[in-house]
Amino acid sequence: MLTMIVYYHCKAGARNEFVKEIAAAGIAAKCRAENGCKQYDYFLPLNDEDTLLLVEKWASEEAQKIHMTTPHFQQLSSLKERYVERVGIEKILHE
């Protein structure tokens, strides 16, 4: 299994709009419906109004790679260009 913790560091004041657009596009639900997706959840840190945290778990690295080819992943990438300054990613492989 693969766990990914993704930190979206948004442009100043842009996080809430980014969250609204992700929700309106139904991106999380589409990701959760993918084969191999075990978790796909967004969180708002209480002490940082410009960061959005994503925790995603996949049955395998291959499932996550396939996820990156989906139309909704491309849609998220387009949203990131508008709202996000930088992204930090932590990957944890489980046996």
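Helices are DSSP runs of H or I spanning at least four residues, numbered from the N terminus. In the predicted model described here, Gln64 lies in one such run, helix α3. With a relative accessible area of 6%, the residue Gln64 falls under the 20% limit and is therefore buried. Beyond the residues up to four places away in sequence, Gln64 touches Leu2, Met4, Glu56 and Trp58.

Gln64 also belongs to the lining of the largest pocket, where Met4, Glu56, Gln64, Phe73 and Ile89 lie nearest the centre. This pocket has a volume of about 170 Å³, and 15 residues line it. Two or more lining residues come from each of the elements β1 (2-10), β3 (51-58), α3 (61-67), α4 and β4. By class, the lining of the largest pocket divides into ten nonpolar, two polar and three charged residues. Two of the residues nearest the pocket centre, Met4 and Glu56, are thus also among the contacts of Gln64.

Strand β4, one of the elements contributing to that lining, spans residues 84-93 and contains Arg86. Lys91 is likewise placed in strand β4. The relative accessibility of Arg86 is 52%, and the residue is therefore classed as exposed, the threshold being over 50%. Lys91, at 58% relative accessibility, also counts as exposed. Apart from residues up to four places away in sequence, Arg86 touches Tyr7, Tyr8 and His9. For Lys91, with neighbours within four places in sequence left aside, the contacts are Leu2, Thr3 and Met4. The residues touched by Arg86 and by Lys91 fall within the range 2-10 of strand β1. Two C-alpha separations add to this description. Lys91 and Val6 are 85 residues apart along the chain, yet their C-alpha atoms are separated by 8.7 Å. Arg86 and Gly26, 60 residues apart along the chain, have C-alpha atoms separated by 22 Å.

Helix α4 extends over residues 71-83, and Leu79 has its place there. Leu79 is buried, its relative accessible area being 5%. Contacts of Leu79, leaving aside neighbours within four places in sequence, are made with Phe18, Glu21, Ile22 and Ile27. Of these, Glu21 lies in helix α1, which covers residues 15-25. Between Leu79 and Val6, which are 73 residues apart in sequence, the C-alpha to C-alpha distance is 15 Å.

Charged pairs were examined next. Side chains of opposite charge can pair when their charged atoms come close. The structure holds two salt bridges. In one of them, Glu21 pairs with Arg82, and the closest N and O atoms are 2.6 Å apart. Because Glu21 lies in helix α1 and Arg82 in helix α4, this salt bridge ties together parts that are 61 residues apart in sequence. Both partners are partly exposed: Glu21 has a relative accessible area of 23%, and Arg82 has one of 43%. Glu21 thus takes part in a salt bridge with Arg82 and in a contact with Leu79. Another salt bridge joins the side chains of Arg32 and Asp41, at an N to O distance of 3.1 Å. Arg32 is partly exposed at 43% relative accessibility, as is Asp41 with a relative accessible area of 25%.

The cysteine residues were considered last. A search of the whole structure finds zero disulfides. For Cys10, the nearest cysteine sulfur is that of Cys31, at 16 Å. For Cys37, the nearest cysteine sulfur is again that of Cys31, here 6.6 Å away. A disulfide requires two cysteine sulfur atoms within 2.5 Å, so neither Cys10 nor Cys37 is part of one. Cys10 counts as buried, at 5% relative accessibility. Cys37 is buried as well, with a relative accessible area of 14%.

Terms used. Residues are numbered from 1 along each chain as its sequence is written. This is a predicted model: local features need pLDDT of at least 70, side-chain atom pairs count only at pLDDT 80 or more; totals for chains, interfaces and linings use all residues. Side-chain values use heavy atoms; hydrogens and water are left out. Buried means under 20% relative accessible area, exposed over 50%, partly exposed in between (1.4 Å probe, protein chains only). Contact means heavy atoms within 4.5 Å. A salt bridge is a side-chain nitrogen of Lys or Arg within 4 Å of a carboxyl oxygen of Asp or Glu. On a 1 Å grid over the protein atoms alone, a cavity is a set of points where a 1.4 Å probe fits but cannot get out, and a pocket is an open set with protein on both sides within 12 Å along at least five of seven lines; lining residues have an atom within 4 Å of a point. Grid points are joined across faces, edges and corners, and a volume is the space filled by probe spheres set on the points. Ala, Val, Leu, Ile, Met, Phe, Trp, Tyr, Cys and Pro count as nonpolar, Asp, Glu, Lys and Arg as charged, and the others, Gly among them, as polar.
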